[in-house]
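Biologist: Hello! I am new to this one, so could you walk me through it with a few questions and answers?

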Amino acid sequence: MNENERKEELEAMKLNEHIFLIGFMGCGKSTNARYLSNMTGAQQMEMDQQIVEEQGMAITEIFSRFGEQYFRDLETELIRSMRGKEPMVVSCGGGAVLREENVELMKESGKIVLLTAAPEAIYDRVKHSTDRPILNGNMNVEYIAELMEKRRPKYEAAADIVISTDMKNVREICEEILERVHRFRGKK
Ligand code: S3P
């Protein structure tokens, strides 16, 4: 591909609003956000990382010192601050769409893409992690499957697009996301 073709390709891939990747912990939001950011040239935003940097504290510490509601308020504040910014690929915390207000804010400024994965695949990815307070002390497939099922209606109601990640590699997932986001754009 020559310089001009690459430029044209990037132009065609350019986002005109944010993409919010949502889904259960360990479903691949961060990995796919990074890849999408490379594909589109849009900046990547890691909600958890942003909160950690702004608070100067790990997520587990925010939960233990101030409680979950405080963390959820920080999420809402962060999502609100994204309105009007250059289109970004946002990797959301797994609980970010549990609050209706957050979903409304996201819909005002982008498309919500739900990534799904089997509980076994999730467990495999998160089993060694200790920085997810929601799973600490509950690190097993049964608990993950149960919590996932409990959250499913909210995830599905929030999503504009649902993508199953099982048996797909990151390139396939991201191409599918962009293809469907652009199809949406065509409908406008
Ligand atoms: C949470 C998911 C985490 C993080 C926090 C709470 C949740 O993000 O925001 O530990 O309630 O599902 P990841 O989905 O990036 O692990």
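Modeller: Gladly! Accessible areas here come from the Shrake-Rupley method with a 1.4 Å probe. Please keep in mind that this is a predicted model.

Biologist: Thanks! What percentage of the accessible surface belongs to carbon and sulfur atoms?

Modeller: The accessible surface of the protein comes to about 10,200 Å². Of this surface, the part that belongs to carbon and sulfur atoms is 47%.

Biologist: How many helices and strands does the protein have?

Modeller: Along the sequence, the pattern reads α-β-α-β-α-α-α-β-α-β-α-α-β-α. Put as a tally, the secondary structure comes to 9 helices and 5 strands.

Biologist: What radius of gyration does the protein have, set against a compact globule?

Modeller: The C-alpha trace spans about 55 × 35 × 30 Å along its principal axes. For 188 residues, a compact globule would have a radius of gyration near 16 Å. The value for the protein agrees with that, and it is 17 Å.

Biologist: And what share of the contacts with a separation of 6 or more joins residues 24 or more positions apart?

Modeller: Let me start with burial: buried residues make up 44% of the 188 residues. As for the contacts you ask about, residues 24 or more positions apart account for 74%.

Biologist: Let's turn to N102. Is N102 buried or exposed?

Modeller: N102 is found in helix α6, which covers residues 100-109. Its relative accessible area is 1%. The cut-off for buried is under 20%, so with 1% N102 counts as buried.

Biologist: Which residue offers a backbone oxygen to the side chain of N102?

Modeller: Leaving out residues up to four places away in sequence, N102 touches E75, T76, I79 and A96. With T76, the side chain of N102 makes a side-chain polar contact of 2.8 Å. The backbone oxygen that the N102 side chain reaches, at 2.8 Å, belongs to A96.

Biologist: Now the aromatic rings. How is the pair of F63 and F71 classed?

Modeller: The count comes to 2 aromatic pairs. One of them joins F63 and F71, with 5.1 Å centre to centre and 45° between the planes. Planes under 30 degrees apart count as stacked and over 60 as edge-to-face, so at 45° the pair of F63 and F71 is tilted.

Biologist: What is the relative accessible area of F71?

Modeller: Its partner F63 is buried, with a relative accessible area of 15%. F71 is buried too, and its relative accessible area is 4%.

Key:
Residues are numbered from 1 along each chain as its sequence is written. This is a predicted model: local features need pLDDT of at least 70, side-chain atom pairs count only at pLDDT 80 or more; totals for chains, interfaces and linings use all residues. Side-chain values use heavy atoms; hydrogens and water are left out. Helices (H or I, at least four residues) and strands (E, at least two) are DSSP runs, numbered from the N terminus. Buried means under 20% relative accessible area, exposed over 50%, partly exposed in between (1.4 Å probe, protein chains only). A polar contact is a pair of N or O atoms within 3.5 Å; within protein, one must be able to donate a hydrogen and the other to accept it, and residues adjacent in sequence count only if both atoms are side-chain atoms. Contact means heavy atoms within 4.5 Å. Rings of Phe, Tyr and Trp (its six-membered ring) pair if their centres lie within 6.5 Å; planes under 30 degrees apart count as stacked, over 60 as edge-to-face and the rest as tilted. The radius of gyration is taken over C-alpha atoms; the globule rule is 2.2 Å times the number of residues to the power 0.38.
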